[in-house]
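Open the model in a viewer and keep a selection box ready. The stops below are meant to be taken in order.

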Amino acid sequence: MKLNDSIQLPETAFDIAQHLGFSKVKNAHWAWLELAGSVLSFYVVDRHERLAALLNWFYHDLGFCAREDYYSVAAADLGKCVTSKQGNSTTLATVLMLLAKQLDLKLELLLLPGQTVLRSQIDDDITFIDSLTGRTLTKHQLHILVRGELGNAAPLKPSYLKPASVKRIVSRMIHEMKAGSIVAHRFEPAMECCNLLMQWHQEDLNLNRERAFIAQQLGCMSVATADLKYFIENSPHDPVIELVKMQLKELKENVETFH
């Protein structure tokens with residue numbers, strides 16, 4: 001599958017999930033059309049009331065919620081989220097953002113470390129929304145989420161409050177499907193997730209490290225070796241460079257012993 005910059009939601013995310021062998025585009029598409037049609041009944045004049053009605057319908061009437069196996073592929077798959085009404089913070093936020101668009105409401109995704117939240121803007125009124133529950137969040141609570149992921153010293157960077165582009169949203173979904181695949185020891189789709197991400201993010205050398213690990217699990221030692229060498233050559237001052245050199249040495253020794 002070749003990723004390009006002419007992407008749109010939810011179609012691109014549905015296509016990627018099917019390409020990886022997860023949810024089916026046809027099932028996801030029909031479930032989305034049903035949701036997109038039903039939400040129009042909440043189009044009232046006052047936009048604050050419109051947003052409140054959308055949130056109540058989404059979380060209470062329809063029962064969208066966090067998936068119990070939160071870090072699974074299913075939680076990170078937008079198609080599965082639409083059909084099962086369960087997901088993680090990114091897939092739930094994306095569905096809600098798309099439904100809000102049907103109602104001419106501006107909801108945008110903020111990709112915090114470890115969690116995706118929503119930003120609503122009605123005139124000058126800006127509100128942050130927990131995509132797992134629909135509850136309002138303060139900036140202090142956003143900072144707590146960041147600190148919970150990165151440690152107590154982590155600042156609430158202005159970049160965290162910058163709305164994400166469609167490309168960044170889809171990239172996060174692929175990252176999360178990759179992580180879910182690794183947890184489930186499904187290394188072939190995890191490898192393909194890396195390949196897809198590297199089309200958009202060639203400068204992210206950590207993807208080479210990740211792909212090396214996945215390739216090793218699949219027995220593709222030449223790919224693993226090439227990726228580790230590439231990382232070492234292009235990131236000589238990275239804090240983990242010595243660890244990566246040790247990984248490469250062990251990999252070469254294992255290959256020689258095997259042969």
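Start by selecting Phe-58, which is buried with a relative accessible area of 0%. This is a predicted model. Add Phe-64, also counted as buried, at 2% relative accessibility. The two rings form a stacked aromatic pair, 4.1 Å centre to centre with 5° between the planes. Now add Tyr-59: Phe-58, Tyr-59 and Phe-64 make up one aromatic cluster. The count of aromatic pairs comes to five.

Move on to Tyr-70 and Tyr-71. How are these two rings arranged, stacked or edge-to-face? Their planes stand at 80°, with the centres 5.1 Å apart, so the pair is edge-to-face, since planes over 60 degrees apart fall in that class. Tyr-71 is exposed, at a relative accessible area of 67%.

Next, look for charges over rings. Select Arg-50 and Tyr-43: the charged end of Arg-50 sits over the Tyr-43 ring, 4.3 Å from its centre. Then select Arg-209 with Phe-231, where the charged end of the arginine sits over the ring, 5.8 Å from its centre.

Arg-209 falls within the range of the next selection, helix H10, residues 206-217. The helix has twelve residues and reaches 17 Å from its first C-alpha to its last, close to the 16 Å expected at 1.5 Å a residue. Colour its buried residues: Leu-207, Asn-208, Arg-211, Ala-212, Ile-214 and Ala-215. What do they pack against? Show helix H8 (166-183), helix H9 (187-200) and helix H11 (221-234), which are the packing partners of the buried residues of H10. Following H10 is Gly-219, with a positive phi near 80°.

The last stops concern the backbone. Most residues other than glycine have a negative phi, and most peptide bonds are trans.

- Select Leu-9 and Pro-10. A cis peptide bond joins them, with omega about 5°. Pro-10 is placed in the segment before helix H1 (11-19).
- Select Lys-85, in the loop between helix H5 (78-84) and strand S2 (86-87). Its phi is positive, near 65°, in a residue other than glycine. Lys-85 counts as partly exposed, at 27% relative accessibility.
- Select Asp-123, in the loop between strand S4 (115-122) and strand S5 (125-130). Asp-123 is not a glycine, yet has a positive phi of about 55°. At 53% relative accessibility, Asp-123 counts as exposed.

Methods:
Residues are numbered from 1 along each chain as its sequence is written. This is a predicted model: local features need pLDDT of at least 70, side-chain atom pairs count only at pLDDT 80 or more; totals for chains, interfaces and linings use all residues. Side-chain values use heavy atoms; hydrogens and water are left out. Rings of Phe, Tyr and Trp (its six-membered ring) pair if their centres lie within 6.5 Å; planes under 30 degrees apart count as stacked, over 60 as edge-to-face and the rest as tilted. Buried means under 20% relative accessible area, exposed over 50%, partly exposed in between (1.4 Å probe, protein chains only). A charge sits over a ring if NZ of Lys or CZ of Arg is within 6 Å of the ring centre and within 35 degrees of the ring normal. Helices (H or I, at least four residues) and strands (E, at least two) are DSSP runs, numbered from the N terminus. The expected span of a helix is 1.5 Å times one less than its number of residues. Contact means heavy atoms within 4.5 Å.
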